[in-house]
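Biologist: I'm new to this protein and would like a close look at a single part of it. Could you put it up on the screen so we can go through it together?

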Amino acid sequence: MSRSAKPRRPVKTGPAETLHFDDAAHVRALAGPGHANLIALEKELGVHVEAPGGGQLVLSGGERQARTDAARVIHSLYARAEADLNIDPETVRAACRMGDDPVDADDTIIRVPRGVSFAARTVNQGAYVRALKDEAACDMVFGVGPAGTGKTLLAVAWGAAKLARGEIDRLIITRPAVEAGERLGFLPGDLNEKIDPYLLPIWDSLREALTQRVVDKMREEGRIEVAPLAFMRGRTLNRAFIVCDEAQNATRAQMRMMLTRLGQGSRMAVTGDPTQTDLGPREPSGLAHALDILAGVPRIAVTRFTRTDVVRHDLVAMIVDAYERADAGQ
């Protein structure tokens, strides 16, 4: 980001505060289609935001602290616009929840060559991306927490970036083929057609990071491999970035098997939500067990997400909160 493009300090103009920016196009990107992002900001912080044009935004209404918070969020969003990062209402809501500890856009952005860029939206996401990037300090990164916190997407995006830059030979993504509370029965087709329904979320993340055309090409070349966890047994995975997704559905034996596949020049990300296991009542989850026994082991980093890190539809965070309250009551 060039220093000359930074917004100047807000100017108090009577009961309102005017923010002046050097690039009106970035302000339009910040505001979003139909000013959807500004509307989200107003709802979150209880202020009124006007965009009169000319690179200006005017804050009014609400308490002084609310206007100060709104100015902080707007500065953060403007920096994202300068970095050509996507800004949507979910991004705005996440920025509003970050308080005075903003994510540093310089070291929490994953840029995928010939693909798209992904930026951390919350403090915990920022710590997670830093851990994924910190190859000197850790070879295994656990990302655990509720659905919608970006655990899988960011891990897949980092693996895709390394693959596109030629820093690894393969991107390997695996997850247990466990049905979520229902039995699908017999599935027609060959082996790939039978297992692909279990792996659809992974393909979605890959397409978002690399585009469908690049994913298809790399899959044909064997550089991208997506497979059920059971297919990992007996393998040594060298010069690869490995993502073990939905790890809460791995048994203890499966988790031990997966973690010991790590080969020379490889790193691994393990993601999951210990509260959403689909295993039977007599099959304890291997994820919680691994987190317990590996605590303190060097070169392993753990990022724990909470409902405040949910960046899907804003209703998802409220749903997670409701379930957590119900679990606590039981």
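Biologist: In what order do the 6 strands of the open sheet come, and is the pairing parallel or antiparallel? Please stay with that sheet and walk me through it.

Modeller: Happy to. Keep in mind that this is a predicted model, where local features need pLDDT of at least 70 and side-chain atom pairs count only at pLDDT 80 or more, while totals for chains, interfaces and linings use all residues. Residues are numbered from 1 along each chain as its sequence is written, and side-chain values use heavy atoms, with hydrogens and water left out.

The order is E9-E8-E10-E11-E7-E12, and the pairing is parallel. Strands here are DSSP runs of at least two residues (E) and helices are runs of at least four (H or I), numbered from the N terminus. Two strands pair if DSSP finds at least two bridges between them. At the edges sit E9 (224–228) and E12 (300–304), each pairing on one side only. Neighbouring strands are turned by 15° against each other on average, direction ignored; the axes behind that angle are lines fitted to C-alpha atoms, for helices over the stretch in contact, and angles run from 0 to 180 degrees between N-to-C directions.

Now zoom in on E11. Its partner E7 (residues 140–144) is joined to E11 by 5 bridges, and Val144 stands opposite Gly272. E10 (residues 240–244) is joined to E11 by 4 bridges, with Cys244 partnering Val270. E7 also has 5 bridges to E12, where Gly143 is matched with Thr303.

E11 is mostly covered: 6 of its 6 residues are buried, meaning under 20% relative accessible area, whereas exposed is over 50% and partly exposed lies in between (1.4 Å probe, protein chains only). In a regular strand the side chains alternate between the two faces of the sheet. Here Arg267, Ala269 and Thr271 point one way from E11, and Met268, Val270 and Gly272 the other.

Follow the chain past E11 and you reach Ser285, in the loop between that strand (267–272) and helix H10 (286–293). Ser285 is buried too, at 15% relative accessible area. Its side chain reaches the backbone oxygen of Gln248 at 2.8 Å and the backbone nitrogen of Leu287 at 3.2 Å. Leaving aside neighbours within four places in sequence, the contacts of Ser285 (heavy atoms within 4.5 Å) include Ala250, Arg252 and Thr277.

How values were computed
Polar contact = N/O pair within 3.5 Å; in protein donor to acceptor, adjacent residues only side chain to side chain.
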